[in-house]
Amino acid sequence: MDRSNKPSAIGLGASIPQPTVSIKDSTVEASLPSGESATIHLYGATVTSWKAHGQEQLFLSENAILDGSKPIRGGIPLVFPVFGPPPKDHATSTLPQHGFARNSKWEYLGKSSAESADSQSDQAVKLDFGLSHTMLSEEFRKAWPYEFGLVYSVTLTKNSLQTQLQVRNEGTQNFEFQVLMHTYLSVADISTIRVKNLESKTYIDKTRNASSHTEASPALAITEETDRVYQSLDPSVPIVVSSAADDQPLFSITRDALTDVVVWNPWIEKAKGMADFGPDEAYKNMICVEAGSVSGWQTLEAGDSWEGGQSIKSRL
Ligand code: BG6
C-alpha cells in the first residue's frame with residue numbers, strides 16, 4: 001500500500017510551544033514562547049515586570065516594598081476607587097491616597113489564551129485577577145461600604161501589554177469611582193525622551209495649585225517635577241513616548257474608556273523624599289504615563305458594570 005501521501009499521525013499543532021504561566025508565592029508570571037514575559041504580584045494585582053524585545057519595559061524602584069505592607073513603587077499599581085487624596089465631602093473621604101486596590105490582596109482567577117490584536121497567529125496569554133468587597137480588610141470595608149466586584153485582566157502579546165478593568169456594582173446602592181493605571185515606564189534617560197499627542201489639550205497642573213493650562217508643546221520634554229492631569233483625550237489616539245534624538249517611538253499607549261492621562265515624574269527633591277524610591281537618581285529612569293478616568297466620577301448604578309483599559313506597545 002502506498003503510504004506516501006498519508007498525513008503525519010501527529011498534528012503539527014501538537015508541537016507548537018505554548019505560553020506558560022507559573023505561580024510562586026504571591027506572584028504570577030506568564031511567558032510567551034517568543035520570550036516576552038509579565039509578572040504580577042497578587043498584592044494590588046500590581047504588574048511589576050514586563051519584558052519585551054529582550055529588556056525590561058517597566059520601572060520598579062530598587063527600594064520598592066514587595067511584602068504587602070505598602071503599595072508597590074513601580075510597575076503598574078492600580079488606583080481605585082479614588083485618585084489622589086480623597087475629597088473631604090465624598091464617600092471615599094476616609095480611604096488612603098489612590099484608594100485600596102493597590103493595597104489589597106487580589107485573587108488569581110486563571111489564564112486564558114487570548115487572541116493578539118496584532119495578528120491572529122501571534123500568541124497571547126490573558127491572566128485574570130479578582131477583588132471584591134468580601135476580600136477587603138475590615139478597615140477598607142468600613143471606609144467604603146459598597147458591594148463591588150473587580151476583574152483585572154493582564155494580557156501579554158508579542159508586542160504589547162494590555163490591562164483591562166471591569167468594575168461591577170453588586171449591591172443595591174449606586175456608587176462613584178475613579179480609576180487609573182499608574183504605569184511607570186522605564187526610560188534610559190528622562191532628558192532624551194518626549195511625550196507626544198498632548199498638544200492643545202487642557203491639563204490640571206498639580207505642581208501649580210491644580211491650576212488649569214493648555215498644552216503648547218507637540219513633544220513635551222520633562223525638565224522639572226511634573227504632575228499633570230490631561231483631560232478629555234480621545235482614547236484611540238495614542239500617547240507616544242518618543243526618543244528626542246530621532247523621534248522614534250519608544251512606547252505608544254492607547255486607551256479604552258479612559259479619557260484622562262496623568263504624566264508624572266517626581267524629579268530630584270520628591271524622589272529623595274520617598275523612602276521607597278531608589279536610588280535617588282532613578283527619577284531619570286522613569287516616566288509615569290497613567291491612563292485613567294479621574295477628572296470626575298464614574299457613577300455605577302446597582303447591578304451595572306463598567307470596563308476600561310489600556311494597551312501599551314513598546315519600541316514599535
Ligand atoms: C500620581 C499623582 O498619579 O501619583 C501624584 O498625580 C503622586 O500626585 C503620584 O505623587 C505618586 O503617588 P503615591 O501615592 O504612589 O506616592
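Student: What makes the pair between Glu290 and the ligand a polar contact?
Tutor: An N or O atom in the Glu290 side chain is 2.7 Å from an oxygen atom of the ligand. A polar contact is a pair of N or O atoms within 3.5 Å, so this pair counts as one. This is a predicted model: local features need pLDDT of at least 70, side-chain atom pairs count only at pLDDT 80 or more, and totals for chains, interfaces and linings use all residues. Side-chain values use heavy atoms, leaving out hydrogens and water, and residues are numbered from 1 along each chain as its sequence is written.

Student: How do you know that Asp227 and His182 also have such pairs with the ligand?
Tutor: For Asp227, a side-chain N or O atom is 2.5 Å from a ligand oxygen. For His182, a polar side-chain atom lies 2.8 Å from a ligand oxygen. Of the 390 Å² of accessible area (Shrake-Rupley, 1.4 Å probe) that the ligand has on its own, the protein covers 84%.

Student: Why is Trp264 listed among the residues around the ligand?
Tutor: Trp264 is listed because one of its heavy atoms lies within 4 Å of the ligand. Others in the list include Arg73, Phe83, Arg102, Lys206 and Val262. By class, the shell has 3 nonpolar, 3 polar and 5 charged residues.

Student: What does it mean that the ligand sits in the largest pocket?
Tutor: It means that more than half of the ligand's atoms lie within 2 Å of the pocket's grid points. The lining of this pocket has 18 residues, with Gln97, His98, Lys206, Asp227 and Trp264 nearest the centre. The lining divides into 6 nonpolar, 5 polar and 7 charged residues.

Student: What makes the bond from Phe80 to Pro81 cis?
Tutor: Its omega is near 0°. Pro81 is in the loop between strand S6 (78-79) and strand S7 (107-113). Gly278 and Pro279 are also joined by a cis peptide bond, with omega about -5°. Pro279 is in the loop between helix H2 (267-273) and strand S21 (286-300).

Student: Why is the phi of Asn197 worth a remark?
Tutor: Most residues other than glycine have a negative phi. Asn197 is not a glycine, yet its phi is positive, about 75°. Asn197 lies in the loop between strand S13 (193-196) and strand S14 (202-205).

Note on methods:
A polar contact is a pair of N or O atoms within 3.5 Å; within protein, one must be able to donate a hydrogen and the other to accept it, and residues adjacent in sequence count only if both atoms are side-chain atoms. On a 1 Å grid over the protein atoms alone, a cavity is a set of points where a 1.4 Å probe fits but cannot get out, and a pocket is an open set with protein on both sides within 12 Å along at least five of seven lines; lining residues have an atom within 4 Å of a point. Ala, Val, Leu, Ile, Met, Phe, Trp, Tyr, Cys and Pro count as nonpolar, Asp, Glu, Lys and Arg as charged, and the others, Gly among them, as polar. Helices (H or I, at least four residues) and strands (E, at least two) are DSSP runs, numbered from the N terminus.
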